[in-house]
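Trainee: Could you choose one spot in this model and take me through it closely? After that, please carry on outward from there.

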Amino acid sequence: MSASASVADKSLDPDQETADKLKNLELIQRPEQSFVGRSIYWAGVLFALAHIYFNTLGTLPELWVSAIHFGGFALLCALMVPAFDSQSVAGRRVALLLDVLLGVAAIICTLYLIGFEDALYDRGVKYIPTDWVASIAAIFISLEMARRTTGWFIPLMILTALTYVFWWGQYLGGIFNFPGLSLETVLYRSYFSSEGMFGSIARISWTYVFMFILFGAFLVKSGAGDFIIELSRCAAGRFVGGPGFVAVLGSGLMGSVSGSSVANTVSTGVITIPLMRRAGFPARFSAGVEAAASTGGQLMPPVMGAGAFIMASYTQVPYVDVIAVAALPALLYFLSVGFFVRVEAMRSHAEAVELDTRPIGEVLKDGWHYLLPLVVLVALLIYGFTPTYAAGIAIISVVAASWLSKHPMGVRDILDALAQGSKNMATTAMLLIAVGLVINVVAMTGIGNTFSLMVAEWANGSLLITLVLVALASLILGMGLPVTAAYIVLATLSAPALYNLIAEMQVIEMMVNGTLPEVARTIFLLVDAEKAALLAAPMSEVDAQQLLALVPGDFKGQLLEQAIAPEQLAMILLAAHMIIFWLSQDSNVTPPVCLTAFAAAAIAKTPPMATGFTAWKVAKGLYIVPLLFAYTNFIGGSTEEVLRIFFFAVFGIYALVGFMEGYLESELNIALRLLSGAAGVAMLWPHAMLWLDFAGLAVFIALFIYSRKQGPAAATA
């Protein structure tokens, strides 16, 4: 065979083409079988064991552990991801030398902080030359690791933030003017203090995030990932449009393990996308569904990506409470994707695909033990153990549960899981440490309060406009930041504004109903005693808004605390963060930068940008559910209230899908399409009129039955 023929054959190999496209989305990494690869493996094992020790028996100061976390993962990241890609042997050797030097420098920075922290305080926090070198080197290494793993956006953002503090902030006019701090102060607070790169975000990284990523690595190594896919295929594969439901169910279950959208797409998409194509779904829709469903993986408890741990830390709401309130919204999101699948299955006349799978009972019989670690994890969290302790016990339970299978985990499997957990964590760790520098700038300058005031001014007190502004900011940040980083930055800047508006909305509702607590009315007596007398009886919403506007900003915080119970205020704060967390996911599926959609497009061999728009359409739940967080008690309400909101939201979203697609069980004309949209709005719009919810539900059910009768006679449920 000629060389040209060989090349031609290779270019036509669809599996190779898909693999090449997926490889282009991944970071350039050194071969695992090389000497460096083996060094990374054993370093990962040792570092995972060290973190297990820090999170269980260790008693080192948190600042020191954060510094060790930085030094070790900087070394690991430097060895894993070369400074530059080179095709020549000499170029690769130069890159390796630079990477080793950079990794060693990170270790030295760690040892310097541990060894000379006390000396710095003994001389009154006065910098000497070595302090300058260590501080600048640590920040530079953090920026370089962020550049390698996420691109130029984060390093440039950090440099802009740091220079704002000691240089150009003083030249700005208006609300963003900042007198400035000395460079020495900025370096000290960034490197030596517990507020900078080794602050709260780094602590979350080496505790919650690492332990749960390690837990996920053990689950995958034990075979739980394969079990999840097979279980999903058995549960949904034989229905009309079943492969689409397999994608939704599989990605949801896999997301509870990995918490990574792109990982979900690659692991489940290679199975579900070809299955959807065989069933008759369009290729672009198949890829869009997989991308949208995989994005929901970060919304699915108990892992929910790194953002859930940061949310728990920011709001001071226990992690178990965070995942408890997140469960029904996540289910609502996956149902919304499933509704698109159902509609497209009917429109495309997708057929049931007979999958070569065992009965579901047999699959559960052989793999039920894979569910034990998740049960152990959730049970320990509910019982009151810390997330890190629960994750540690759950890791042990993965190994113990594997002994109930035909392929028990041996020593080599355990070592592989430890190494893989560290490698999976490397890029996330460096990202979180780098973002800690930005959070430190926000704390030093107070720019977070300034930004919140600016958003409130632009929105003119409108919660809806504020949500739109946050969504736009999330989309813009998502073009350059990973989801977790976008959430951290947005939450720091805009969560206070959202929190205040949602809380004020509840105060206005009390004023309208005449139920404002007596202790809260004293604030209004100080403002306008004559108008405060109106609070004794119900009033119009306009009058309530005007009266609340009279309260000075300094007093509003006290008013909220007196009017609303502390537990409810905590839930309002959690709702504000949950809104931002959900909206920050949209960068996964929204062009022009949507890596999850691009990964699905590589598998489906569809245009990446067009696939992104399809995924964006299917993932509409990302925008609808946050509205429920803002305008209803979906978070923090009574059990009865939450279930009622969920029940009507399920049918309301289905009705909106019918409106957007112009199709339910058959095509809808313009009038029926508008009627479906009106029914959806009636069930989703916040109001206290239960009859309106039931009216919307009755209209939708009637539409569904009518469209089903108009559809193909051969259609089956």
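Mentor: Let's start with Met409, which sits in the loop between helix H18 (387-402) and H19. Before going on, some ground rules: this is a predicted model, where local features need pLDDT of at least 70, side-chain atom pairs count only at pLDDT 80 or more, and totals for chains, interfaces and linings use all residues. Residues are numbered from 1 along each chain as its sequence is written, and side-chain values use heavy atoms, with hydrogens and water left out. Helix names come from DSSP runs numbered from the N terminus (H or I, at least four residues, for helices; E, at least two, for strands).

Although Met409 is in a loop, it counts as buried, because its relative accessibility is 5%. Buried here means under 20% relative accessible area, exposed means over 50%, and partly exposed is in between, using a 1.4 Å probe and protein chains only. Leaving out residues up to four places away in sequence, Met409 touches Phe218, Lys221, Ser222, Val398, Val399, Ser402, Trp403, Ile414 and Ala417. A contact is heavy atoms within 4.5 Å. Phe218 on that list is 191 residues from Met409 along the chain, and their C-alpha atoms are separated by 9.5 Å.

Now follow the chain into H19. Helix H19 (residues 411-445) packs with helix H3 (residues 35-56) at an angle of about 85°, and the axes are 7 Å apart. Those axes are lines fitted to C-alpha atoms, for helices over the stretch in contact, and the angle between N-to-C directions runs from 0 to 180 degrees. H3 and H19 are therefore roughly perpendicular to each other. The labels work like this: under 35 degrees is roughly parallel, over 145 roughly antiparallel, 65 to 115 roughly perpendicular, and the rest oblique. On the H3 side you'll find Ile40, Tyr41, Trp42, Gly44, Val45, Phe47, Ala48, Leu49 and Ile52, meeting Arg412, Leu415, Asp416, Leu418, Ala419, Ser422 and Lys423 of H19. By class, this contact of H3 with H19 splits into 11 nonpolar, 2 polar and 3 charged residues. Nonpolar covers Ala, Val, Leu, Ile, Met, Phe, Trp, Tyr, Cys and Pro; charged covers Asp, Glu, Lys and Arg; the others, Gly among them, are polar.

For another pairing, take helix H4 (residues 62-80) and helix H5 (residues 89-122), which pack at an angle of about 175° with axes 7 Å apart. That makes H4 roughly antiparallel to H5. The contact of H4 with H5 has 16 nonpolar, 4 polar and 2 charged residues. Among the H4 residues in it are Leu63, Trp64, Phe70 and Leu79, and the H5 residues include Asp99, Val104, Cys109 and Glu117.

Phe70 turns up again in the largest nonpolar core, which has 228 residues; Phe70, Phe524 and Met578 have the most contacts inside it. Such a core is a set of buried Ala, Val, Leu, Ile, Met, Phe, Trp, Tyr and Cys residues joined through side-chain atoms within 4.5 Å. Not counting residues up to four places away in sequence, Phe524 touches Met511, Leu516, Ala529, Ala532, Leu535, Leu547, Leu548, Val551 and Leu559.

Next, a proline inside a helix: Pro329 is found in helix H15 (residues 319-347). Pro329 is buried, with a relative accessible area of 1%. Its contacts, setting aside neighbours within four places in sequence, are Trp582, Val625, Phe629 and Phe634. The C-alpha atoms of Pro329 and Phe646 are separated by 7.9 Å, with those positions 317 residues apart along the chain.

Just before H15, look at Gln316, in the loop between helix H14 (305-315) and H15. Its phi is near 60°, a positive value in a residue other than glycine, and Gln316 is exposed, at a relative accessible area of 65%. Val125 also has a positive phi, near 55°, and is not a glycine. Val125 is in the loop between H5 and helix H6 (129-150), and counts as partly exposed because its relative accessibility is 30%.

Last stop is helix H12 (residues 261-279), which bends by about 60° at Gly269. The bend is the angle between axes fitted to the seven residues ending at a residue and the seven starting there. Gly269 is one of the buried residues of H12, along with others including Asn264, Thr268 and Met276. Just after H12, Gly280 takes a positive phi of about 115°.
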